[in-house]
Amino acid sequence: MVLEATMICIDNSEWMRNGDYAPSRFQAQADAVNLICGAKTQSNPENTVGVMTMAGKGVRVLVTPTSDLGKILACMHGLEVGAEANLAAAIQVAQLALKHRQNKRQQQRIIAFIGSPVKYDKKILETIGKKLKKNNVALDIVDFGESDDEKPEKLEALIAAVNSSDSSHIVHVPPGENALSDVLLSTPIFTGEEGGSGFAASAAAAVATGASGFEFGVDPNVDPELALALRLSMEEERARQEAIAKKAAEDTSNTENINASSSNSDSVMAEAELASNAAAGDKQEQPKDDDDLLQQALAMSMEGGASGSAAVTDSAMAEAGAVDPDLALALQMSVQDANMSSDTDMSKVFEDRTFVSSILNSLPGVDPNDPSVKDLLASLHSQGEATEGMDVKEECQRWFMEMKWKKVHRFVVYRIDERSRAVLVDRVGGPGEGYEELVAALPGDDCRYAVFDFDFVSVDNCQKSKIFFIAWSPAASRIRAKILYATSKQGLRRLLDGVHYEVQATDPSEMGFDVIRGRAQ
């Protein structure tokens, strides 16, 4: 019997709402996960299984590897479906969860259900596969749902990169009459490399012959706990569907009653008729039927997913970066792509006069009521600079990511080029340069942005690293420069994901090394 620790990655993206797999992609996937968990825990009493999601609120570990089957099955209820699946980040987090398993004698395996398109390049997936192979982590992939021209090829390349002694497998399951779980029963993903447990073998044989006679294809005498868990799960699902149907019937009845009462009110006095028409006008602004409600819910889930996909834990990615900086850099850049399109929204922010006034009040030596300042703001507004901010060049983010993950730079200094209206890299500090060189690189009569990677030893004698963002606005700088740097700062900060602290300084004493060290500790 194989001794394994397994992490199962669930695809709970927006694509899982489709009904090409009965009753839906997500429910078919949940049934398959339940059976695999039962097979894994039955094949060896010391086996452990963990479950995590790849979408919804982001990459999230629902339960760490455990042998408690009830705990594993319970975590599947009430999962949020929405956003896009982040396969690369999910595999990285699953590998970290397996790395910290309690029993180091257990072999490591990841099972990923992928029912949505794969947007990562094949090169990135091959790099992930090689890293899994290096760390002796097997990978099984269940490919179902969306199957564009490139998805099977990318997943095959991933399996080819991680496969060692035929320990990793991929199964393509097209839509059809057979349930997803029934198809997996006859594959190595379910039975295991050595044929699986007696439970797995009997279940597979029962499905093949169609003569099991047991509910869910599970003999209660062989595995009473799994049979009870599956029965409870089915009863809960049936009760949930009945409640939804009952609520829909009540809503329909209420709508009919409202329409009936509205028709009877035609014989009332003119004032009541006007009031009734006004109330009816208010109701027209609300969704009229379940289809409108569904469209509204889908839109809300998509909006929530956009923020969830960028919510991959920075601590997990940081540990991945310590192992493979190139891979971590590629993953982080892929997560940042979704944030690039939001830069154009800065124009709406800076159109708020109250916001601009608050920025001016925070600048040293700047009086918002000064006629020269008002004239300057009018000039900037006519040029589009005060409302649109500055264009942040791609190199600004690239140098920052290399400093964060590869540790080849200690600091990066940025400047605004007023002629091209863009934020550019002004200076990059090498690995041998320190904070004194950064302070020396800041001019005394002009503004700058800077990021600094501060390495230090904490009070508990642990080596740590914190990234500081410095907004340098000396008193001797021009008022125009102060305004441009203040209004354009947020656009740059949005792209520099991973900054821990921000320091605003108008004098070297406000950003001394003791200030940096005190904030970090």
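**Exercise A: a charged pair**

Decide how Glu153 counts in terms of relative accessibility in this predicted model, and then determine which residue its side chain meets in a salt bridge and which parts of the chain the pair ties together.

Solution. Glu153 has 44% relative accessibility, and a value between the cut-offs of 20% and 50% counts as partly exposed. Turning to the contact, the side chain of Glu153 meets that of Lys122 in a salt bridge, with 2.9 Å from N to O. Lys122 belongs to helix H4 (residues 122-134), whereas Glu153 belongs to helix H5 (residues 151-162), so the salt bridge ties together parts that lie 31 residues apart in sequence. Lys122, at 33% relative accessibility, also counts as partly exposed.

**Exercise B: further salt bridges**

Find where Glu46 and Arg105 lie, and work out whether Lys151 and Asp143 are buried or exposed.

Solution. The count of salt bridges in the model comes to 21. In one of them the side chains of Glu46 and Arg105 meet at 3.5 Å, N to O. Glu46 sits in the loop between H1 and S2, and Arg105 sits in the loop between H3 and S4, so this pair links parts that are 59 residues apart in sequence. Glu46, with 43% relative accessibility, is partly exposed, while Arg105, with 58%, is exposed. The next step concerns Lys151 and Asp143, whose side chains meet in a salt bridge at 3.0 Å, N to O; here both Lys151 and Asp143 are buried. Salt bridges also link Glu4, Lys40, Arg109 and Asp140 in a network.

**Exercise C: the sheet**

Establish the order of the 6 strands in the open sheet, and explain which strands stand at its edges and why one side of each is left without a neighbour.

Solution. The order across the open sheet is S3-S2-S1-S4-S5-S6, and its pairing is mixed. Strand S3 (60-66) and strand S6 (169-173) stand at the edges; each has a single partner strand, so one side of each has no neighbour in the sheet. On average, and with direction ignored, neighbouring strands of the sheet are turned by 10° against each other.

The pairings can then be followed through part of this order. S1 and S4 run parallel and are joined by 6 bridges, and Ile8 stands opposite Ile111 in S4. S4 and S5 also run parallel, with 7 bridges between them, and Phe113 has Val142 in S5 as its bridge partner. The chain passes from S4 through H4 to S5, a β-α-β crossover that is right-handed. Strand S5 (residues 137-144) is in turn joined to S6 by 5 bridges, with these two strands running parallel, and Val142 has Val171 in S6 as its bridge partner. Val142 therefore has bridge partners in both S4 and S6.

**Exercise D: helices on the sheet**

Identify which strands helix H1 and helix H3 touch, and state how many of the residues of H1 are buried.

Solution. Helix H1 (residues 25-43) packs on the sheet and touches strand S1 (4-10), strand S2 (48-53), strand S4 (107-114) and S5, its direction making about 175° with that of S1. Helix H3 (residues 87-99) also packs on the sheet, touching S1, S2, S3, S4 and S5, and its direction makes about 155° with that of S4. Burial can be read for two of these elements: 16 of the 19 residues of H1 are buried, which leaves the helix mostly covered, and S4 is likewise mostly covered, with 7 of its 8 residues buried. As for its span, H1 reaches 27 Å from its first C-alpha to its last, close to the 27 Å expected at 1.5 Å a residue.

**Exercise E: backbone details in loops**

Determine whether the peptide bond from Ala22 to Pro23 is cis or trans, and locate Ser165 and Arg421 in their loops.

Solution. The peptide bond from Ala22 to Pro23 has omega near -10° and is cis; Pro23 lies in the loop between S1 and H1. Ser165, although not a glycine, has a positive phi of about 60°. Ser165 is in the loop between H5 and S6, where its relative accessible area of 74% makes it exposed. Arg421 is not a glycine either, yet its phi is positive at about 55°. Arg421 is placed in the loop between strand S8 (411-417) and strand S9 (422-429), and its 25% relative accessibility counts as partly exposed.

Note on methods. Residues numbered from 1 in each chain as written. Predicted model: local features only at pLDDT ≥ 70, side-chain atom pairs only at ≥ 80, totals over all residues. Heavy atoms only, no water. Pairing = 2+ DSSP bridges. Helix = DSSP H or I, 4+ residues; strand = E, 2+ residues; numbered from the N terminus. Axes fitted to C-alpha atoms, helices over the stretch in contact; angles between N-to-C directions. Contact = heavy atoms within 4.5 Å. Expected span 1.5 Å × (residues − 1). Buried < 20%, exposed > 50% of the residue type's maximum accessible area, 1.4 Å probe, protein only. Salt bridge = Lys/Arg side-chain N within 4 Å of Asp/Glu carboxyl O. Right-handed = clockwise from strand over helix to strand, strands pointing away.
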